[in-house]
Amino acid sequence: MVPRPIIIDCDPGVDDAVMLMMALASPALDVRAITTVAGNVPLNLTSRNARMMCQIMDRTDIPVFAGCPRPILREPVTAEHFHGDSGIAGLDPFEPDAPLAAGHAVQHLIDTLRAARPGQYTIVVTGPLTNIATAIIMAPDIARGIDRLVIMGGADTEGGNITPFAEFNIFADPHAAAIVFDSAIPCTVLSLDVTHQVRAEPERLTLLRALPGPRAAIMVQLLEAANVLEARWKEGRMTPMHDPATIAWLLAPGLFESHQATVSVDTAPGDRFGQTRVALSEPGPHEWVTMADADGFFALIERLVNNT
Ligand code: BDR
Ligand code: CA
């Protein structure tokens, strides 16, 4: 099987770090580049954390490009309360051996997608959509090189996690999200509606902890730290597998149920700022994922980590 070429745009972030471990462990994915954006923590930290994960996975060959240091219009918002001051709670931060790749993430996206065959690349997006929106504004023709965007963001039935209505990635740059959803590029959207169904329950971590090798232990450390932070804010709840859901969907779409929909974003000031609106009544360009098989999801993680 020819591995699927992907670019990952992210803001690590503890769950982004787990997502990167899954992607870099999978022989079915050919991660061509990682682009970083300001989100959970400022850009210098998301960029360092992405490179840390490449080093941990022994994949320093993958270039990491730093992207936009702030959202398009709104004031920056971060989420250290869920990810720790370093953005990567559970790991001792270190300065990675590999430097950032030269050039801006948005320019790299544009150059790569313009040079691509039609539909060659899948783009996984697990942070605010600033880099992707900026690339679309600068070079709308890049749509041709994209098979699909696989986005973690938004919420419908679950309500928000940063406000009662908004999910963090969309709230952190709603104008960028609106540009992306309006662009007609096919999107699969893994929102809180589905990520809240898959949590790092203690018995699942026990199974992971029993696996051999340092990487399973590192993943457990990350998820345990995320559980401590989650419990501080949402008593009795284990951390949801937000960003890892993108890679699980790519590798095992049969674990999920979804509906074609049209997603839009509330950008008007007020208490609904950053809310996603999901019209399921008529089939649209967006695939809104509604259900996940949580046990199958963790079995996939075990297989991936066991491979490394
Ligand atoms: C999303 O927000 C971030 O804090 C996480 O990394 C994830 O991408 C969940 O709402
Ligand atoms: Ca993220």
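**Ligand site, pocket and cavity**

A polar atom in the side chain of H83 lies 2.9 Å from an oxygen atom of ligand 1. The structure is a predicted model, in which local features need pLDDT of at least 70 and side-chain atom pairs count only at pLDDT 80 or more, while totals for chains, interfaces and linings use all residues. Residues are numbered from 1 along each chain as its sequence is written, chains are lettered from A and ligands numbered from 1 in the order in which they are written, and side-chain values use heavy atoms, with hydrogens and water left out.

Two aspartates also make polar contacts (a pair of N or O atoms within 3.5 Å) with the ligand. An N or O atom in the side chain of D15 is 2.5 Å from an oxygen atom of ligand 1, and a polar side-chain atom of D16 is 3.0 Å from an oxygen atom of ligand 1. On its own, ligand 1 has 280 Å² of accessible area (Shrake-Rupley method, 1.4 Å probe), of which the protein covers 96%.

The shell around ligand 1 (residues with a heavy atom within 4 Å) consists of D15, D16, N40, H83, T126, M152, N161, E167, F168, N169, H242 and D243. By class, two of these residues are nonpolar, six polar and four charged. Helices α1 (14-25) and α6 (168-172) are the elements that give two or more residues to this shell; helices are DSSP runs of H or I of at least four residues, and strands are runs of E of at least two.

Ligand 1 occupies the largest pocket. A pocket is an open set of points on a 1 Å grid over the protein atoms alone, with protein on both sides within 12 Å along at least five of seven lines; lining residues have an atom within 4 Å of a point. A molecule sits in a pocket if more than half of its atoms lie within 2 Å of the grid points. The volume of the largest pocket, the space filled by probe spheres set on the points, is about 430 Å³. Of its 29 lining residues, F82, H83, N161, E230 and H242 are the closest to the centre. The lining comprises ten nonpolar, nine polar and ten charged residues. Helix α1 gives the largest share, four residues, and α3 (80-83), α6 and α10 (214-233) each supply at least two.

One cavity of 30 Å³ or more (points where a 1.4 Å probe fits but cannot get out) is found in the whole structure. The largest cavity holds about 30 Å³ of space and is lined by L109, L113, I123, I132, A135, I142, I146 and L149. Elements α4 (105-115), α5 (130-138) and β5 (146-152) give two or more residues to this lining. Its eight residues are nonpolar, with no polar and no charged residues.

Methods: Polar contact = N/O pair within 3.5 Å; in protein donor to acceptor, adjacent residues only side chain to side chain. Nonpolar A, V, L, I, M, F, W, Y, C, P; charged D, E, K, R; others polar.
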